[in-house]
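This report goes through a single protein chain, from overall charge and fold to selected residues. The sequence and coordinates come first.

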Amino acid sequence: MTLTERLAKEGRLRILQLLSEQVDHRLSAPHIRRELSERWVITRSEEWLTQQLAALCELGAVTLHMVAGRTVAQLAHAGAEHLERLTALPGVLPPDPPRG
């Protein structure tokens, strides 16, 4: 696996984790991009984020909506199951095992 592939897989996991932390399980693309940068130092272009969101949407892990001209991602069932380690999504790193 190349560094680029690894970063994409990690980015997709982190996006799912960010969405799961929200009360309504959704965030706008600009907020996702900022959180990726601030929390995990994943500093990538808008185009890169759009590609990752599209990949997650194709997997059924998120749904995408346009709200006031911005893309909003919402965690979908497959994404939640991946985070709970009930299923494994191809192209997304698995979450860390539970501690304790």
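## Charge, fold and selected residues

The chain carries 12 positive and 12 negative side chains, and the centres of these two sets are 3 Å apart. Lys and Arg are counted as positive and Asp and Glu as negative, while His and the chain ends are left out. Each charge is placed at NZ of Lys, CZ of Arg, CG of Asp or CD of Glu.

This is a predicted model, in which local features need pLDDT of at least 70, side-chain atom pairs count only at pLDDT 80 or more, and totals for chains, interfaces and linings use all residues. Residues are numbered from 1 along each chain as its sequence is written, and side-chain values use heavy atoms, with hydrogens and water left out.

**Overall fold**

Four helices and three strands make up the secondary structure, in the order α-β-α-α-β-β-α along the sequence. Helices (H or I, at least four residues) and strands (E, at least two) are DSSP runs, numbered from the N terminus.

The radius of gyration of the chain is 13 Å, which agrees with the value near 13 Å for a compact globule of 100 residues. This radius is taken over C-alpha atoms, and the globule rule is 2.2 Å times the number of residues to the power 0.38. Along the principal axes, the C-alpha atoms fill a box of roughly 40 × 30 × 25 Å.

Of the 100 residues, 38% are buried. Buried means under 20% relative accessible area, exposed over 50%, and partly exposed in between (1.4 Å probe, protein chains only). The chain exposes about 6,100 Å², of which carbon and sulfur atoms supply 52%; accessible areas come from the Shrake-Rupley method with a 1.4 Å probe, and for residues only the protein chains shown count as cover.

Contacts (heavy atoms within 4.5 Å) were also sorted by sequence separation. Among those between residues at least 6 apart in sequence, 49% join residues at least 24 apart.

**Buried positions**

Helix H3 spans residues 46-58 and contains Gln52; Leu56 is found in helix H3 too. Gln52 counts as buried because its relative accessibility is 3%. Leu56 is buried with a relative accessible area of 0%.

Leaving aside neighbours within four places in sequence, Gln52 is in contact with Ala8, Arg12 and Ile15. With the same exclusion, the partners of Leu56 are Arg12, Ile15, Leu16, Ala61, Val62 and Val92. Arg12 and Ile15 thus appear in both sets.

Ser28 lies in strand E1 (residues 26-28) and counts as buried at 11% relative accessibility. Its side chain makes a polar contact with the side chain of His31 at 2.6 Å. A polar contact is a pair of N or O atoms within 3.5 Å; within protein, one must be able to donate a hydrogen and the other to accept it, and residues adjacent in sequence count only if both atoms are side-chain atoms. Not counting residues up to four places away in sequence, Ser28 touches Thr71 and Val72.

**Partly exposed positions**

Helix H1 (3-21) is followed by a loop leading to E1, and His25 is placed in that loop. The phi of His25 is near 60°, a positive value in a residue other than glycine. Most residues other than glycine have a negative phi. Arg85, in the segment after helix H4 (77-83), also has a positive phi, near 65°. His25 is partly exposed at 32% relative accessible area, and Arg85 is partly exposed at 42%.

Glu5 lies in helix H1, as does Glu21. Glu5 is partly exposed, with a relative accessible area of 42%, and Glu21 counts as partly exposed at 45%. The side chain of Glu5 reaches the backbone nitrogen of Thr2 at 2.9 Å.

**Separations along the chain and in space**

The table sets sequence separation beside C-alpha distance for three pairs.

| Pair | Apart in sequence | C-alpha to C-alpha |
|---|---|---|
| Leu56 and Leu89 | 33 residues | 9.0 Å |
| Glu21 and Leu75 | 54 residues | 10.0 Å |
| Glu5 and Pro97 | 92 residues | 22 Å |
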